[in-house]
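Let's take a friendly walk through one protein model, picking a few spots and looking at what surrounds them. Keep the sequence and the 3D view open as you read.

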Amino acid sequence: MINHKFLPKRIILVRHGESAGNIDGSAYATTPDYKIPLTPDGIQQANLAGKQIRDVVSDSGRVGNWKACFYVSPYERTRSTLREIGRSFPRKRVIGVKEECRIREQDFGNFQITERMKVIKETREKFGRFFYRFPEGESAADVFDRVSSFLESLWRDIDTRLQYDPSDDLNIIIVSHGLASRVFLMKWFKWTVEQFEHLNNLNNCEFRVMQLGDGGEYSLAVHHSDEEMQVWGLSQEMINDQKCRANGALTEKCEWYLDGFFDHLATDSDDGDDGEFEDCSAEKIDS
């Protein structure tokens, strides 16, 4: 169990609404990535997402004691998404809003020339999506490192900086980008690189709800169905792990990691000592 004085009930990851770059990739050739705006449809998507997220955190209006704190990427499309989401949240419910540079989009390298990016992305597919670093940009592994740093700061905020009544349900809502959200989940749930490679991107304004389960562990399975998680690219083993976290079955959690790395080892020995190791007695150590 995560060892903090008070824990948010939910951490919700939201991808931004449809942007001009999602409709026409050539927009990146003339407009800096961070300045790409939402489309009219993207604005509507964000507005609808705000209503849906409020229904989640308020349990469709049945829970009265809840609060929300927002973190947002500094890009124009995420900031605009947050503004639309915020229309569904009364000001008294919001205890904080923070722009956070470490949850920004993966850096693909300044202006992105369409034909050049097509070749680069084909190379990425051959090399591997997680470790491939864009020329003048980042790899997903680079994003993983800065998202990991953000997580440390997030817990410091929760423990010492956010002012809220512990009796309230606290909801952390992170408005970010598709890859940053997937990397966040990878870091949190300790997914492997291979598992990350199978994950599908979030749709525009789609969100993932990590909610505290019975054993004090966050899980996607509290709010989301097996079918949803399968569509996202989670394997059956990953889904089972989410269920263990949700149900508080801590003794069963993550056993599949052992199978993934040690399935070739014998299991008929108690300690694995087959007599081939040298005697590491005190006398030999002293000498």
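What follows is a tour of some annotated residues, a serine further along the chain, a helix and a few backbone angles.

Before we start, keep in mind that this is a predicted model.

**The annotated residues**

The UniProt record, an unreviewed entry, carries the annotation "binding site" for R15, H16, G17, E18, S19, A20, G21, N22 and R77. Of these, R15, H16, S19, G21, N22 and R77 are included in the lining of the largest pocket.

Take R15 to begin with. You'll find R15 in strand β1, which covers residues 10-15. Is R15 buried or exposed? Its relative accessible area is 12%, under the 20% cut-off, so R15 is buried. Leaving out residues up to four places away in sequence, R15 touches quite a list, including N22, T81, S176, H177 and G178. The run from N201 to E206 is also touched by R15, among them L202 and C205. With L202 there is something extra: the side chain of R15 reaches the backbone oxygen of L202 at 2.7 Å.

Now for S19, which sits in the loop between β1 and α1. S19 has 0% relative accessibility, so it counts as buried. Beyond four places in sequence, the residues S19 touches are Y28, I36, P37, L38, T39 and R77.

That list leads us to T39, located in the loop between α1 and α2. T39 is buried as well, with a relative accessible area of 11%. Setting aside neighbours within four places in sequence, T39 is in contact with E18, S19, A20 and I23. With E18 the link is also polar: the two side chains are joined by a contact of 2.6 Å.

**A buried serine further along**

S219 belongs to the short strand β6, residues 218-219. Its relative accessibility is 0%, so S219 counts as buried. Which residues does S219 touch, not counting those up to four places away in sequence? They are F189, V209, M210, Q211, Q242, R245 and A246. The side chain of S219 also reaches the backbone oxygen of Q242 at 2.6 Å. As for I239, 20 residues away along the chain, its C-alpha atom lies 9.7 Å from that of S219.

**A helix with two sides**

Helix α4 runs over residues 114-127, which makes 14 residues. From first C-alpha to last, α4 reaches 20 Å, close to the 20 Å expected at 1.5 Å a residue. M117, I120 and R124 are buried in α4. Why do these residues share a side of α4? They cover an arc of only 60° around the axis, so they end up on the same side. Turned away from that buried side is a face with the exposed residues E115, K118 and K126.

**Some backbone angles**

Here's a handy rule: most residues other than glycine have a negative phi. The table lists three positive values.

| Residue | Phi | Place |
|---|---|---|
| N110 | near 50° | loop between β3 and α4 |
| C205 | about 65° | loop between α7 and β5 |
| G128 | about 120° | just after α4 |

N110 and C205 have their positive phi without being glycines. N110 is exposed, because its relative accessible area is 56%. C205, on the other hand, has 7% relative accessibility and so counts as buried. You have met C205 already, as one of the residues touched by R15.

Definitions and conventions:
Residues numbered from 1 in each chain as written. Predicted model: local features only at pLDDT ≥ 70, side-chain atom pairs only at ≥ 80, totals over all residues. Heavy atoms only, no water. Helix = DSSP H or I, 4+ residues; strand = E, 2+ residues; numbered from the N terminus. Buried < 20%, exposed > 50% of the residue type's maximum accessible area, 1.4 Å probe, protein only. Contact = heavy atoms within 4.5 Å. Polar contact = N/O pair within 3.5 Å; in protein donor to acceptor, adjacent residues only side chain to side chain. UniProt positions renumbered as here; feature names shortened; annotations may be inferred. 1 Å grid on protein atoms, 1.4 Å probe; cavity = no way out; pocket = protein on both sides within 12 Å on 5 of 7 lines; lining within 4 Å. Expected span 1.5 Å × (residues − 1). Arc of directions from axis to C-beta.
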